[in-house]
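Biologist: I am new to this structure and would like to understand how its descriptions are justified. Could we go through a few of them together, with the reasoning spelled out?

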Amino acid sequence: MCDPVARVQALAGEYDALRPRMVRVAYAILGSRAEAEDVVADCWTRLVEADAREPIRDLAGWLTVAVARAATDVLRSARVRREEYVGPWLPEPFVGERAARADPAADPADRVTLDETVSYALVVVLESLSPAERTAWVLHDVFGMAFAEVAAVVGRSPAAVRQLASRARTHLAAQPARFEVDRRAHEAVLGRFLAAAAGGDLAALLETLDPDVVLTSDGGGVVSAARRPVLGADRVGRFLLGLVAKYGDRVDVEIVDANGAPAIALREDGVVTSLLVLTVEGERATRVDILRAPAKLAVVDLLRVDVTTDHG
């Protein structure tokens with residue numbers, strides 16, 4: 001007879017090994033790192049209870065379904081809260097190490113969620129999908145789950161799930177932004193963007209911005225932020241230089257890794273108060289997203305990355 005304590009300890013070890021992947025599953029569905037962490041933590045108790053009733057043979061499969069189902073439920077309720085959000089709502093960037101990309105032996109399903117496939121631009125666009133469409137697309141197209149497995153998550157038939165994923169795919173394909181990130185191109189644009197902004201050079205800054213660039217700022221109604229998107233290169237450029245003039249001497253600049261690409265973190269008195277994420281197409285930025293909501297920044301594990309910002 002299996003020792004219950006030993007069994008729970010064994011489960012804990014397997015759970016800990018799978019936890020990073022499960023957080024990424026939940027994050028891709030929710031667009032919130034904090035909520036993703038909570039969902040995965042909650043599934044631990046459910047896992048122990050389910051295994052006590054009947055030993056789970058495929059732990060990774062069980063956890064993926066359980067986490068995805070819980071994340072989808074959270075997303076449905078979160079959508080209601082986000083409709084009442086003060087100002088634009090932006091997802092939390094997945095900031096941290098790209099350990100899975102650095103390890104060629106890592107599971108492809110882990111690597112894909114850390115590299116270019118789930119760029120920040122994609123996470124932003126995923127907000128326009130229904131919870132069921134988003135979950136179906138993420139689980140099938142990103143994590144490679146069969147439609148029959150996805151059906152168990154969203155409570156639809158496999159045929160219906162196939163249609164959900166197809167609708168999501170069509171919607172995403174119609175978006176103007178490219179979702180994959182060319183890291184070298186991204187670094188080059190970010191370097192020129194940062195140098196122009198720091199130097200107060202409007203002409204040089206405009207050269208880094210697409211004519212139809214959109215700037216969105218998320219303060220959550222707690223800190224100052226633009227309540228509406230800023231549209232067009234000239235307006236965005238002047239808005240950014242206004243921020244530099246206002247805060248330039250009070251902030252320290254760090255380059256961090258967000259969704260597999262470099263982003264700009266600003267610190268005031270040692271505390272991160274803003275995170276700027278660029279969406280780059282070709283040699284220009286098509287989006288500038290500024291995350292300022294303190295609750296979102298507080299849960300982000302900001303890590304330094306080596307990025308050359310002088311591309312003269």
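Biologist: Are arginine 134 and glutamate 127 buried or exposed?

Modeller: In this predicted model, both arginine 134 and glutamate 127 are buried.

Biologist: What makes the contact between the side chains of arginine 134 and glutamate 127 a salt bridge?

Modeller: Their side chains meet at 2.7 Å, N to O, and because the cut-off for such a nitrogen and carboxyl oxygen is within 4 Å, the pair counts as a salt bridge.

Biologist: Why is arginine 167 called partly exposed, and why is glutamate 133 called buried?

Modeller: Arginine 167 has 44% relative accessibility, and partly exposed lies in between under 20% and over 50%, so arginine 167 counts as partly exposed. Glutamate 133 has a relative accessible area of 13%, and buried means under 20%, so glutamate 133 is buried. The side chains of arginine 167 and glutamate 133 meet in a salt bridge at 3.1 Å, N to O. This pair links distant parts of the chain, with arginine 167 in helix H9 and glutamate 133 in helix H7, 34 residues apart.

Biologist: Which residues of helix H8 are buried, and how do you know that they line one face of the helix?

Modeller: In helix H8, residues 147–154, the buried ones are Phe147, Val150, Ala151, Val153 and Val154. Seen down the axis of H8, these buried residues fall within an arc of 160°, so they line one face of the helix. What covers them includes helix H3, helix H7 and helix H9.

Conventions. Residues are numbered from 1 along each chain as its sequence is written. This is a predicted model: local features need pLDDT of at least 70, side-chain atom pairs count only at pLDDT 80 or more; totals for chains, interfaces and linings use all residues. Side-chain values use heavy atoms; hydrogens and water are left out. Buried means under 20% relative accessible area, exposed over 50%, partly exposed in between (1.4 Å probe, protein chains only). Helices (H or I, at least four residues) and strands (E, at least two) are DSSP runs, numbered from the N terminus. The arc is that of the directions from the helix axis to the C-beta atoms. Contact means heavy atoms within 4.5 Å.
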